[in-house]
Amino acid sequence: MSGKERLPVRGAQGDLLRLVATGHAESRAQLARISGLAASSVSLRVEELIDAGLLVEEGSGTSRGGRRPRRLRVSPTAGLLAVADLGAHHARLGLLDLSGAPLVVEERACDIALGPEATLDWMAASFDELLLTHGPPGVPLRGVGTGMPGPVDPASGRVVSPSRMPGWHNFPVAEHLGAHYDLPVLVENDANLLAVGEARSWPGCDNLMVLKAGSGIGCGVIVDGRLHRGRGAAGDISHVRVRADSSTMCSCGHSDCLEAYASGAALMGALSEFGIATRRPGDVVALVEDGVPEATALVRNAGRLIGEVLTVLVNFLNPDAIVVGGSLSTAEPLISSIRAAVYERCLPLATRDLEIAVTRGGPDTALLGAGSLLLDAVLG
């Protein structure tokens, strides 16, 4: 039976394959210890997975005393995952193997305002091009995943009431991509993907709040080492009401939402009123680095407002760390203002060991998060 016919793998075989794919085990002995299965049962199932072309055993693993065990890993020919992190004006797209390692990653310009059909068809065509150009011959595509810059209903894979995404409300993103590929499809909020990917860089921290500050503002929440989705809106801080000197209408129809003051789109709009033109949030950061006072003041105020919103959440959730990613995260006044607000207003017990830091992951963090979540769907 070919590897393509053997996914998803059910039962104990699937559990063992998942342990290897996620890096929790790299030998038969470790699989037996973690799974609780007898060594003979593990060996039998590992041999079946090797025969199916899903695992390979080679080299030497880490010794715990005695002879070094042979190292297990997912076969390079077991399959590929196509993943994307979709933004308002660009998308980062990649092909990963089933262990989550990127084979190729590219960033391409796009316009989410063109609507869901045009954007998703463009995404599928981009995936097809990457597979044709960079996909190893004979290695099957196993699943497709994408992050969306808006709230996603995890049960249906539909975008719900997004800001600055005309025509996307309640669009069946998962169904549309599934009709093109007939494979497992993951559709997730982009901040959630960032949180899952970033959690890999914080060993020992089981509770994280991962803020994505870009064109919009979002937050992914990791609780006890797992993504907390709630019913799909967990971590969505963008429409929390904030205190401001003047009232500003948000795209959601309410006034004085955090996104209306502290998002990259809001900062760009405010700068335009000073006659300063910007095309993307990264331009705002560049202005801050160049010492433009209007940009610095706006970013510092944005950090203060974000910090005030996070204060309530830190006291409530008591995370190990707040991690800030997204295109605005490299603006030092943003981070320092967030720290000042949180440390000043939170309970001492909540901030005693709290770390507030810029993301440790690189530009592919959200793609790695997508690969991790998509792998569960592919193997399960």
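This section describes a buried strand, a helix pair and several salt bridges in a predicted model.

Strand S3 comprises residues 80-86, and 7 of its 7 residues are buried. In a regular strand, side chains point alternately to the two faces of the sheet. In S3, both faces are covered: one carries Leu 80, Ala 82, Ala 84 and Leu 86, while the other carries Leu 81, Val 83 and Asp 85, all of them buried. Strand S3 is paired with strand S4 (residues 90-97) in an antiparallel arrangement through 7 bridges, and a hairpin of 3 residues connects the two strands. Within this pairing, Leu 86 lies opposite Ala 91 of S4. Strand S3 is also joined to strand S6 (residues 141-148), here in parallel orientation and by 6 bridges. Val 83 of S3 faces Gly 145 of S6 in this second pairing.

Packing between helices is illustrated by H1 (residues 11-21) and H2 (residues 28-35), whose axes come within 11 Å and cross at roughly 115°. The crossing of H1 over H2 is right-handed. Leu 16, Leu 19 and Val 20 of H1 make the contact with Leu 31, Ile 34 and Ser 35 of H2. Of these contact residues, 5 are nonpolar and 1 is polar, with no charged residue present.

Side chains of opposite charge can pair when their charged atoms come close. The model contains 20 salt bridges. One of them involves Asp 85 of the buried strand S3 and Lys 212, with the closest N and O atoms 3.7 Å apart. Because Lys 212 belongs to strand S10 (residues 208-213) and Asp 85 to S3, this pair ties together parts separated by 127 residues in sequence. Lys 212 and Asp 85 are both buried.

A further salt bridge, with an N to O distance of 2.7 Å, is formed between Asp 364 and Arg 92. Asp 364 is located in the loop between strand S14 (355-358) and helix H13 (365-379), whereas Arg 92 is part of strand S4, 272 residues away in the chain. Arg 92 has a relative accessible area of 18% and is therefore buried, the limit being under 20%.

Glu 188 and Arg 229 form another salt bridge, in which the closest N and O atoms are 2.6 Å apart. Glu 188 lies in strand S9 (residues 185-189) and Arg 229 in the loop between strand S12 (226-227) and helix H7 (259-262), the two being 41 residues apart. Glu 188 is buried, at 3% relative accessibility, whereas Arg 229, at 27%, is partly exposed. In addition, Asp 15, Arg 18 and Asp 376 are joined into one network by salt bridges that share partners.

Notes
Residues are numbered from 1 along each chain as its sequence is written. This is a predicted model: local features need pLDDT of at least 70, side-chain atom pairs count only at pLDDT 80 or more; totals for chains, interfaces and linings use all residues. Side-chain values use heavy atoms; hydrogens and water are left out. Buried means under 20% relative accessible area, exposed over 50%, partly exposed in between (1.4 Å probe, protein chains only). Helices (H or I, at least four residues) and strands (E, at least two) are DSSP runs, numbered from the N terminus. Two strands pair if DSSP finds at least two bridges between them. Axes are lines fitted to C-alpha atoms, for helices over the stretch in contact, and angles run from 0 to 180 degrees between N-to-C directions. A crossing is left-handed if the near helix is turned anticlockwise from the far one by less than a right angle, and right-handed if clockwise. Contact means heavy atoms within 4.5 Å. Ala, Val, Leu, Ile, Met, Phe, Trp, Tyr, Cys and Pro count as nonpolar, Asp, Glu, Lys and Arg as charged, and the others, Gly among them, as polar. A salt bridge is a side-chain nitrogen of Lys or Arg within 4 Å of a carboxyl oxygen of Asp or Glu.
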